[in-house]
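The following exercises accompany a protein model and its sequence. Each one sets a task and then works through the solution step by step.

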Amino acid sequence: MMKNVRWCTSCNVPIIGELCNICGNSGRRCAKDLKPIFNSERALFEELLGIRLPSFTFRYRNRIISEGRTFLTFKLDAVNKRLMPLYHQGQENTGYAEEVDFAEGIRLTIKANVKHLKEKERTAVNFIKEATSNYSRTFILFGGGKDSAVVAMLAKEALGSVPLLFIDTTLEFPETYKFVEEFSRTYGFPLIKDDDGEYYRAKLNFFQLCKRLGPPSIYCRWCCHIFKEQPVRRFINNHLNDPTDAAFLTGIRRCESRRRGNYAPIELGKRIVGQTLVQPINDWSDLEVWLYVFWKGIKINDLYELGHARVGCWPCPCTPPLMDFVRQLTHSSLWTKFEEVLLAYATENNRSREWVRKGLWRLRRPKRQKIFVYPLHIEGGDSEILFKYFIPHKTSLFEWLKILGDVKADEDKYLKLKTKRGFEVRCKIEGPQVKLMVKCAKRDYISVKTLIEKVLFRSLNCIECGACSGSCSKGAIQAIEGKVIINLKKCDRCWSCLKNSCIVQDSEKMYVVKLDPFSLIPCEKGLPMNHVIFLSKEIGKRVAERFKARGVNVEIHEGGKVICIDADITREEIEELVLSALEG
Ligand code: SF4
Ligand code: SF4
Ligand SMILES: [Zn+2]
């Protein structure tokens with residue numbers, strides 16, 4: 001567990017170890033963690049608060065700390081874009097801090113903590129050596145922040161020069177692009193840059209995706225899947241023969257968020273299967289990282305000097321509100337562009353301007369509205385079932401169908417494919433729609449249903465974002481010039497890509513095609529009843545019995561081919577019983 005920061009009242013500096021290394025005092029409790037306030041950052045806060053701050057100060061959330069005591073607390077008024085002081089200790093109590101400038105204060109702080117920093121460094125270096133010893137290759141996931149910079153320097157100490165893997169999310173601050181180049185040049189780290197950023201920049205950029213999927217939120221971080229995780233997957237698939245034989249060093253720390261609080265120093269990738277994450281500063285506090293940076297004189301991103309506490313994508317919904325506010329001030333042109341997208345979304349979805357200004361967009365939960373497509377007609381022979389549909393025409397339909405089997409035109413100008421599981425799909429474009437037929441053996445129905453519903457979900461909803469291109473270990477899903485294509489030379493129809501979710505699952509609207517072996521027709525006399533038409537009397541009878549056992553009123557017609565049932569019974573409830581009836 002992270003220890004609280006203490007303050008040595010004799011030397012007037014924070015201490016993170018047991019004792020002050022200058023005077024030997026244990027100090028008194030000060031704050032959970034501290035972040036030093038840089039000179040330009042201080043000027044920004046002074047302007048916003050209308051209060052002069054001592055030169056050598058720290059911040060913990062909305063609390064400014066000087067001489068180990070709370071100097072000032074403030075509140076963010078996001079709507080009116082201002083900071084409001086709440087508690088102010090007063091200038092008269094800060095005589096000492098006035099005399100110490102930032103650089104001198106930091107120099108003393110390092111002196112007071114040097115033993116602790118050396119111990120931290122020694123532990124992290126040994127950990128890196130040990131944790132990476134079983135892997136042939138090691139990379140540093142380098143995002144341009146202070147944490148990955150510290151990890152890079154520790155790795156250099158432990159292993160020599162290790163390549164930096166920089167994933168260009170296309171959403172980095174200009175300072176970050178500059179810093180990444182400078183850092184690798186200054187310290188001689190080879191820099192590997194993911195070049196897929198070009199794909200997103202040119203074709204489906206972040207703003208267009210916001211229109212289609214809604215702005216990202218803390219509950220719906222589609223941007224991370226598209227712009228961060230998938231490029232890493234692609235890198236692994238394209239460049240590593242054995243993904244399990246590489247270690248990826250990261251600067252992830254437990255204190256950064258509740259979710260990260262559970263991370264272990266070595267984690268096996270949950271979203272990126274086969275990836276090993278090694279996190280040497282997992283248990284470091286903010287202050288420990290900062291003091292290490294100052295102690296070693298490590299180059300850092302200019303954004304910190306401007307007042308950014310974290311470096312990352314500029315529209316990130318997970319940025320704390322205060323930092324979001326600072327970003328809006330320091331990079332107003334980036335924010336203005338994004339704000340336009342947010343306001344357009346708000347207007348379309350009956351949200352107020354306040355929703356944008358208060359930052360409530362960050363808490364958006366997607367509606368995930370499903371537009372169900374049911375078979376128009378079902379035919380059942382002795383051993384086969386045929387489903388007929390009209391579905392919207394999408395270019396991605398034919399691309400995704402390729403993973404089922406070879407598509408060929410038949411004599412009736414239908415595109416036809418036969419799968420390795422023996423079921424058959426035929427389709428034909430008719431104006432804005434596609435006539436689609438699926439024929440399968442009755443005994444295979446349940447497994448075919450699962451597979452075909454997943455493929456048709458992708459086929460009808462795919463926006464060609466490319467996010468799933470890394471989910472195929474054979475590299476068969478390719479995002480090329482704004483198109484997602486299935487490379488049949490590589491695809492072996494293992495269908496494992498269907499196990500990963502598609503980005504559209506977290507959007508506002510999506511088509512869901514149901515391969516249901518029954519039709520549901522409302523009562524033609526207007527009674528609150530539905531007719532359920534089955535493929536066979538046996539299934540109808542079985543379903544009726546199961547409903548009766550649940551106390552539902554059911555009328556059986558045509559020996560079980562049709563049952564009449566209360567209109568309150570949902571399609572999902574019927575589907576559940578039909579599936580169990582089919583299973584026996
Ligand atoms: S199926 Fe299409 S929309 Fe879904 S993740 Fe893949 S490329 Fe993106
Ligand atoms: S995961 Fe399997 S089915 Fe999907 S594209 Fe790759 S090889 Fe083809
Ligand atoms: Zn001291």
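**Exercise 1.** Determine whether Leu 108 is buried or exposed, and locate this residue in the predicted model.

*Solution.* Step 1: the relative accessibility of Leu 108 is 17%. Step 2: a residue counts as buried when this value is under 20%, so Leu 108 is classed as buried. Step 3: Leu 108 belongs to helix H3. Step 4: Leu 108 and Val 13 stand 95 residues apart in sequence, yet their C-alpha atoms are 7.0 Å apart in space.

**Exercise 2.** State which residues Thr 109 touches beyond those up to four places away in sequence, and classify its accessibility.

*Solution.* Step 1: Thr 109 is part of helix H3, which covers residues 102-132. Step 2: its relative accessibility is 0%, and Thr 109 therefore counts as buried. Step 3: with residues up to four places away left out, Thr 109 touches Val 13, Pro 14, Phe 56 and Leu 291. Step 4: one of these partners, Leu 291, is itself among the buried residues of helix H9.

**Exercise 3.** Establish how many residues of helix H9 are buried, and identify them.

*Solution.* Step 1: helix H9 comprises residues 286-296, and eight of its 11 residues are buried, so that the helix is mostly covered. Step 2: the buried residues are Asp 286, Leu 287, Glu 288, Val 289, Trp 290, Leu 291, Tyr 292 and Val 293. Step 3: just after H9 comes Gly 297, with a positive phi of about 65 degrees.

**Exercise 4.** Describe the surroundings of Glu 256, including its distance from Asp 286.

*Solution.* Step 1: Glu 256 is placed in the loop that runs between strand E12 (246-249) and strand E13 (266-268). Step 2: its relative accessibility is 18%, and on this basis Glu 256 counts as buried. Step 3: apart from neighbours within four places in sequence, Glu 256 is in contact with Asp 147, Gly 251 and Arg 310. Step 4: Asp 286 is 30 residues away from Glu 256 in sequence, and the C-alpha to C-alpha distance between the two is 8.7 Å.

**Exercise 5.** Characterise the packing of helix H7 against helix H12.

*Solution.* Step 1: two packed helices are described by the angle between their axes and the distance between the axes. Step 2: for H7 (residues 206-213) and H12 (residues 332-348), the angle is about 20 degrees and the axes are 10 Å apart. Step 3: an angle under 35 degrees counts as roughly parallel, and H7 is therefore roughly parallel to H12. Step 4: the crossing of these two helices is right-handed. Step 5: H7 contributes Phe 206, Phe 207 and Cys 210 to the contact, while H12 contributes Lys 337, Phe 338 and Val 341. Step 6: sorted by class, the contact of H7 with H12 holds five nonpolar residues, no polar residues and one charged residue.

**Exercise 6.** Compare the settings of Lys 81 and Glu 558, each of which has a positive phi of about 50 degrees.

*Solution.* Step 1: most residues other than glycine have a negative phi. Step 2: Lys 81 is not a glycine, yet its phi is positive, at about 50 degrees. Step 3: Lys 81 lies in the loop between strand E7 (69-77) and strand E8 (82-88), and its relative accessible area of 29% makes it partly exposed. Step 4: Glu 558, also not a glycine, has a positive phi of about 50 degrees. Step 5: Glu 558 is found in the loop between strand E27 (554-557) and strand E28 (562-566), and its relative accessible area of 57% makes it exposed.

**Exercise 7.** Determine which residues are in contact with Val 455, leaving aside neighbours within four places in sequence.

*Solution.* Step 1: Val 455 sits in helix H15, residues 445-461. Step 2: at 1% relative accessibility, Val 455 counts as buried. Step 3: with those neighbours left aside, its contacts are Trp 400, Leu 401, Ile 403, Leu 404 and Leu 498. Step 4: Ile 106 lies 349 residues from Val 455 in sequence and 58 Å from it in space, C-alpha to C-alpha.

**Exercise 8.** Summarise the division of the protein chain into domains.

*Solution.* Step 1: the domains are domain 1 (5-109), domain 2 (120-363), domain 3 (370-513) and domain 4 (518-583). Step 2: the centres of domain 3 and domain 4, taken over C-alpha atoms, are 28 Å apart. Step 3: nine residues from domain 3 and nine residues from domain 4 take part in their contact.

Key:
Residues are numbered from 1 along each chain as its sequence is written. Chains are lettered from A and ligands numbered from 1 in the order in which they are written. This is a predicted model: local features need pLDDT of at least 70, side-chain atom pairs count only at pLDDT 80 or more; totals for chains, interfaces and linings use all residues. Side-chain values use heavy atoms; hydrogens and water are left out. Axes are lines fitted to C-alpha atoms, for helices over the stretch in contact, and angles run from 0 to 180 degrees between N-to-C directions. Helices (H or I, at least four residues) and strands (E, at least two) are DSSP runs, numbered from the N terminus. Angles under 35 degrees count as roughly parallel, over 145 as roughly antiparallel, 65 to 115 as roughly perpendicular and the rest as oblique. A crossing is left-handed if the near helix is turned anticlockwise from the far one by less than a right angle, and right-handed if clockwise. Contact means heavy atoms within 4.5 Å. Ala, Val, Leu, Ile, Met, Phe, Trp, Tyr, Cys and Pro count as nonpolar, Asp, Glu, Lys and Arg as charged, and the others, Gly among them, as polar. Buried means under 20% relative accessible area, exposed over 50%, partly exposed in between (1.4 Å probe, protein chains only). Domain bounds come from an automatic or database domain assignment.
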